[in-house]
Amino acid sequence: MASADSETRPQEAIPQAVKIIIAGGFGAGKTTLVASVSEITPLSTEEVMTEASYGVDDIGGVEHKTTTTVALDFGRITINHDIVLYLFGTPGQNRFWFMWDELAEGALGAVVLADTRRLDTCFHAVDFFERRGVPFVVAVNRFEGSTVYREEEVREALDVSAEVPIVLADARERESCKEVLVELVTHVIRGRDPVMSG
Amino acid sequence: MRTDGVHGHEAAADGPPEETLRDPVPNTRRHDGEPGEERFLRPFAVTAGDPGAHAVLGPEHAGVDMLSLVVAARVPGRHEWLRPEREAILDHALRARTVVELAAEVGLPVGQVRGIVAAMIADGSLQRCGPSRPLGRQDILHAVLAGLCSL
Ligand SMILES: Nc1nc2c(ncn2[C@@H]2O[C@H](COP(=O)(O)OP(=O)(O)OP(=O)(O)O)[C@@H](O)[C@H]2O)c(=O)[nH]1
Ligand SMILES: [Mg+2]
């Protein structure tokens, strides 16, 4: 096997895989955003879990374990020969936190999609990334007929600090999604600047 | 990506090397479609080799995550019919793939694929492959920014 080693090793360069998380409440446009910027049709995989083993409190009293699957979709952007960026849409349901932990591990940063019809549905995501110290931006995804909020109103409602960028977005528009991601990465680079206080 | 070395390995792997997959009956390596035999084998083959669907974040998978890169170190062997999910993973890993891509391509939950991949790395069927040119965090961020801007 040792002799075949050099032959079986792929000739092509192997890029590093990095990720950005797209979070937000149920139906906030996560999958739409991933699809808008991904170079592939978003792929979907699922996770299977035994509910009772995750301390789910809203099914208290159940003695049997039930199995649930949760869809996880992701897209891909080839940055250059060395880097491939994966975008992961989080499962919308809040109880799948364990999955967020793994998703957040090593992520470059996160986009929290705020749905203006139900701003409160992204509170959990904001909390989560703040606690985990994952840098994030809030992208306000406007749905037709919903209230038009100003940035300060959103900032106040979500109670995020002044450094966290809040941008308007339309998850269906590629350019808009690009801008959101550029804003995020710029924010992450800025935050890692050694001159920052703290 | 077939090489003589790989074929040699395949031939040597007539019975899987260090697996729990000991033949329960002597003649079961060939699938001759006897219903009774199949009933006997299937639960064994599917559950014995591969960590179950519930093995989501077990410590035995430490080090293998969704974005771990792996590549096939051999072609599927004859015994693989017992474990079609392994065959599918080998087929899709001819080029370096991330665990999550493999999961999507073979249509299995990512936690399960992660477990199977960890086992396959351990038995030499898959090889981990690091990036060819590892970059620091800051270099990655600047490259990603430039890449996104030029999309
Ligand atoms: N008006 C408007 N509609 C949008 C926008 N983004 C998504 N939608 C629509 O909203 C619906 C839900 O979008 P998804 O992308 O599936 O939302 P999601 O966050 O992935 O949903 P879950 O995975 O179920 O939590 C779809 O019908 C989209 O077409 C947007 O920016 N503006
Ligand atoms: Mg979705």
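A residue is taken as buried when its relative accessible area is under 20%, as exposed when that area is over 50%, and as partly exposed in between. By this criterion, 52% of the 198 residues of chain A are buried. The structure described here is a predicted model, and the two protein chains are considered in turn before the ligand site and the nonpolar cores.

Chain A contains 6 helices and 7 strands. Followed along the sequence, these elements appear in the order α-β-α-β-β-β-α-β-α-β-α-β-α. Among the contacts of chain A with a separation of 6 or more, 73% are made by residues 24 or more positions apart. The surface that chain A exposes amounts to about 9,500 Å², and 49% of this area is supplied by carbon and sulfur atoms.

Chain B has 6 helices and 3 strands, arranged along the sequence in the pattern α-α-β-α-β-α-α-β-α. Of its 151 residues, 48% are buried. For contacts in chain B between residues at least 6 apart in sequence, 67% link residues at least 24 apart. The accessible surface of chain B is about 7,200 Å², with 54% belonging to carbon and sulfur atoms.

One helix of chain B illustrates how an element can be covered along most of its length. Helix α4 of chain B spans residues 99–106, and 7 of its 8 residues are buried. The buried residues of α4(B) are V99(B), V100(B), E101(B), L102(B), A103(B), A104(B) and V106(B). The helix is followed by G107(B), which has a positive phi, near 70°.

Ligand 1 is surrounded by 16 residues, of which G27(A), K30(A), T31(A), T32(A) and N141(A) are the closest. Sorted by class, this shell comprises 4 nonpolar, 7 polar and 5 charged residues. Helix α2 of chain A, residues 30–37, provides the largest share of the shell, with 3 residues. Backbone atoms of consecutive residues also approach the ligand. A polar backbone atom of G27(A) is 2.9 Å from an oxygen atom of ligand 1, and a backbone N or O atom of A28(A) lies 3.1 Å from an oxygen atom of the ligand. For G29(A), the distance between a polar backbone atom and an oxygen atom of ligand 1 is 2.9 Å. On its own, ligand 1 has 660 Å² of accessible area, and the protein covers 70% of it.

The surroundings of G27(A) can be described further. G27(A) is located in the loop between β1 (16–24) and α2 of chain A. Its relative accessible area of 47% falls between the limits of 20% and 50%, and G27(A) is therefore classed as partly exposed. Residues up to four places away in sequence being left aside, G27(A) touches D115(A), R117(A), R118(A) and F143(A). The C-alpha atom of G27(A) is also separated by 9.9 Å from that of P91(A), a residue 64 residues apart from G27(A) along the chain.

The largest nonpolar core holds 55 residues; F88(A), F129(A), F136(A), V113(B) and L126(B) touch the most other members. Beyond its neighbours within four places in sequence, L126(B) is in contact with V70(B), V71(B), A72(B), A73(B), I89(B), L90(B), A93(B), V117(B), M120(B) and I121(B). Another core, of 34 residues, lies apart from the largest one and includes V18(A), I83(A), L181(A) and L145(B).

A polar contact between the two chains involves D82(A). This residue is situated in the loop between β3 (67–78) and β4 (83–89) of chain A. D82(A) counts as buried because its relative accessibility of 15% is under the 20% limit. The side chains of D82(A) and R133(B) are joined by a polar contact of 2.9 Å. Apart from residues up to four places away in sequence, D82(A) touches P15(A), Q16(A), R133(B) and L135(B).

A further loop residue of chain A, D159(A), stands between α5 (151–158) and β7 (166–169). With a relative accessibility of 62%, which is over the 50% limit, D159(A) is therefore exposed. The phi of D159(A) is positive, near 55°, although the residue is not a glycine. Most residues other than glycine have a negative phi.

Notes: Residues are numbered from 1 along each chain as its sequence is written. Chains are lettered from A and ligands numbered from 1 in the order in which they are written. This is a predicted model: local features need pLDDT of at least 70, side-chain atom pairs count only at pLDDT 80 or more; totals for chains, interfaces and linings use all residues. Side-chain values use heavy atoms; hydrogens and water are left out. A residue is near a molecule or strand if one of its heavy atoms lies within 4 Å of it. A polar contact is a pair of N or O atoms within 3.5 Å; within protein, one must be able to donate a hydrogen and the other to accept it, and residues adjacent in sequence count only if both atoms are side-chain atoms. Accessible areas come from the Shrake-Rupley method with a 1.4 Å probe; for residues, only the protein chains shown count as cover. Helices (H or I, at least four residues) and strands (E, at least two) are DSSP runs, numbered from the N terminus. Ala, Val, Leu, Ile, Met, Phe, Trp, Tyr, Cys and Pro count as nonpolar, Asp, Glu, Lys and Arg as charged, and the others, Gly among them, as polar. A nonpolar core is a set of buried Ala, Val, Leu, Ile, Met, Phe, Trp, Tyr and Cys residues joined through side-chain atoms within 4.5 Å. Buried means under 20% relative accessible area, exposed over 50%, partly exposed in between (1.4 Å probe, protein chains only). Contact means heavy atoms within 4.5 Å.
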